Amino acid sequence: MSRIRSVITGSGHFLPSEHVKNSHFEKSSFHNEDGTPFATSSSEIIQKFYDITGIKERRYMPTEMQSSDMATLAADKAISDAGIDKESIDQIIVAHNFGDTRHGTSTPEMMPSLAAKVKNKLGIKNPFCIGYDIIFGCPGWVQAMIQADVYIKSGHAKTCLVIGTESLSRNVDPSDRDSMIFSDGAGAVVLSAVESEKEIGIIAHSNLTHAGADLNYLTMGPTYGKQENNDLYIKMNGRKIYNYALIEVPKAIKSCLDKSKIDLRNVSQILIHQANEKMDVAIGNRLYSLYGYDEMPKKKMPLILEKMGNNSVATVPILYDMIDKGHLANHTFASNQVLILASVGAGMSINTFTYRLP
């Protein structure tokens with residue numbers, strides 16, 4: 001039976017040209033939460049950081065650029081890739097967490113919405129093209145895709161431009177060693193209504209939020225260094241997040257696969273949010289253990305955080321586009337492959353969806 005499916009018809013991404021290597025932080029003065037400096041040297045901290053996260057470098061925006069600029073550049077590529085008239089777009093959904101943050105401050109500019117700014121910068125005139133933002137931690141772009149899928153399948157939209165953009169370099173505390181994790185970038189896709197008898201595109205999704213004892217594993221707080229203003233920065237409890245993700249993310253993915261009626265053996269690749277290499281691999285292994293396997297085959301989970309760092313909502317769409325364009329060695333897409341796209345982050349929230357390539 002022919003049905004309306006939500007299918008990615010175009011994708012694009014933007015990464016700033018500035019590569020910030022781990023050596024950049026050797027002159028940093030890292031502090032504990034109580035403000036006291038670490039007893040170990042910055043070099044030792046950096047080495048331990050790399051051993052845990054697998055991150056060697058990250059991308060930072062130039063001073064004159066903002067998140068909405070990166071979002072627009074990624075979106076323009078996705079629109080071109082889809083080969084559509086930009087005036088035909090029904091919704092522009094932008095996932096982010098800190099709006100446009102000017103260089104030299106950590107204060108986010110949340111109004112007007114980034115989606116409205118992107119629509120303006122793309123030059124879209126159609127007043128029925130609605131732009132709005134989603135604030136959902138690192139899983140924001142995956143949540144935006146789930147929302148766009150619901151609009152399309154309910155008949156309220158035919159074409160959605162779904163963007164994830166983040167300029168985290170402007171919201172980190174330089175005296176906090178966790179600042180080395182975060183980076184900047186943007187990714188976008190065009191999600192379109194496609195009539196097909198075959199089950200293609202987004203098949204099913206699973207999402208949840210734990211806002212009890214887990215609420216403040218990722219939050220905002222003052223600098224660990226010398227307080228010169230009232231700015232707030234990203235603060236995280238890495239160990240708590242690791243333990244939470246290791247328990248909850250595999251269960252969420254399994255729930256989604258069960259809804260999809262797809263066996264794990266038929267999943268080609270797992271495109272997961274990337275903040276910590278050890279955590280991601282552990283999540284994959286735990287997922288496979290739920291199905292009675294010893295561990296996840298390494299080829300199943302493409303990793304790009306070594307040279308990109310964690311750019312939050314932008315990670316998964318960037319990863320998708322890199323594979324789609326053949327920019328990631330040993331990873332390609334092919335018709336009828338099944339993908340899992342998943343993320344976890346502040347809230348604490350988890351989401352995932354299964355996707356069959358047309």
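**Exercise 1. How helices H2 and H3 meet**

Work out how helix H2 (residues 67-82) and helix H3 are oriented to each other in this predicted model, and which residues make their contact.

*Solution.*
Step 1. Begin with the geometry: the two axes cross at roughly 55 degrees and come within 9 Å.
Step 2. Now classify the angle. Angles under 35 degrees count as roughly parallel and those from 65 to 115 as roughly perpendicular; H2 and H3 are therefore oblique to each other.
Step 3. Add the handedness: H2 passes H3 in a right-handed crossing.
Step 4. List who touches whom. H2 brings Ser 67, Ser 68, Asp 69, Ala 71, Thr 72, Ala 75, Asp 76 and Ile 79, while H3 brings Leu 114, Lys 117, Val 118, Lys 121 and Leu 122.
Step 5. Sort these residues by class, and you get 6 nonpolar, 3 polar and 4 charged.

**Exercise 2. A second helix pair**

Do the same for helix H5 (residues 238-260) and helix H6 (residues 277-289): at what angle do they pack, and what is the chemical character of the contact?

*Solution.*
Step 1. The axes lie 9 Å apart, and the packing angle is about 40 degrees.
Step 2. That angle makes H5 oblique to H6.
Step 3. The crossing of H5 past H6 is right-handed.
Step 4. On the H5 side, the contact uses Ile 241, Tyr 242, Ala 245, Leu 246, Ile 247, Val 249, Pro 250, Ile 253 and Lys 254; on the H6 side it uses Lys 278, Met 279, Ala 282, Ile 283, Arg 286 and Leu 287.
Step 5. By class, this contact holds 12 nonpolar and 3 charged residues, with no polar ones.

**Exercise 3. The largest pocket**

Describe the largest pocket: what is its volume, and which elements line it?

*Solution.*
Step 1. The volume comes to about 1200 Å³.
Step 2. Count the lining and look towards the centre: there are 42 lining residues, and Asp 178, Met 236, Asn 237, Gly 238 and Arg 239 lie nearest the centre.
Step 3. Map the lining onto secondary structure. The elements giving two or more residues are helix H1 (42-53), strand E11 (218-221), strand E12 (233-236), H5, H6 and strand E14 (338-345).
Step 4. Find the main contributor: H1 gives the most, with 6 residues.
Step 5. Split the lining by class into 19 nonpolar, 14 polar and 9 charged residues.

**Exercise 4. The second largest pocket**

Which residues lie closest to the centre of the second largest pocket, and how does its lining divide by class?

*Solution.*
Step 1. This pocket has a volume of about 480 Å³.
Step 2. It is lined by 19 residues, and those closest to the centre are His 103, Ser 169, Arg 170, Val 172 and Pro 174.
Step 3. The class count of the lining is 6 nonpolar, 9 polar and 4 charged.

**Exercise 5. Backbone details in the loops**

Locate the cis peptide bonds at Pro 112 and Met 348, then place Lys 261 and its positive phi.

*Solution.*
Step 1. Met 111 and Pro 112 are joined by a cis peptide bond with omega of about 0 degrees. Pro 112 sits in the loop between strand E6 (108-109) and helix H3 (114-122).
Step 2. From Gly 347 to Met 348 the peptide bond is also cis, with omega near -10 degrees. Met 348 belongs to the loop between E14 and strand E15 (349-356).
Step 3. Lys 261 is not a glycine, yet its phi is positive, at about 60 degrees. Look for Lys 261 in the loop between H5 and strand E13 (267-272).

Conventions. Residues are numbered from 1 along each chain as its sequence is written. This is a predicted model: local features need pLDDT of at least 70, side-chain atom pairs count only at pLDDT 80 or more; totals for chains, interfaces and linings use all residues. Side-chain values use heavy atoms; hydrogens and water are left out. Axes are lines fitted to C-alpha atoms, for helices over the stretch in contact, and angles run from 0 to 180 degrees between N-to-C directions. Helices (H or I, at least four residues) and strands (E, at least two) are DSSP runs, numbered from the N terminus. Angles under 35 degrees count as roughly parallel, over 145 as roughly antiparallel, 65 to 115 as roughly perpendicular and the rest as oblique. A crossing is left-handed if the near helix is turned anticlockwise from the far one by less than a right angle, and right-handed if clockwise. Contact means heavy atoms within 4.5 Å. Ala, Val, Leu, Ile, Met, Phe, Trp, Tyr, Cys and Pro count as nonpolar, Asp, Glu, Lys and Arg as charged, and the others, Gly among them, as polar. On a 1 Å grid over the protein atoms alone, a cavity is a set of points where a 1.4 Å probe fits but cannot get out, and a pocket is an open set with protein on both sides within 12 Å along at least five of seven lines; lining residues have an atom within 4 Å of a point. Grid points are joined across faces, edges and corners, and a volume is the space filled by probe spheres set on the points.
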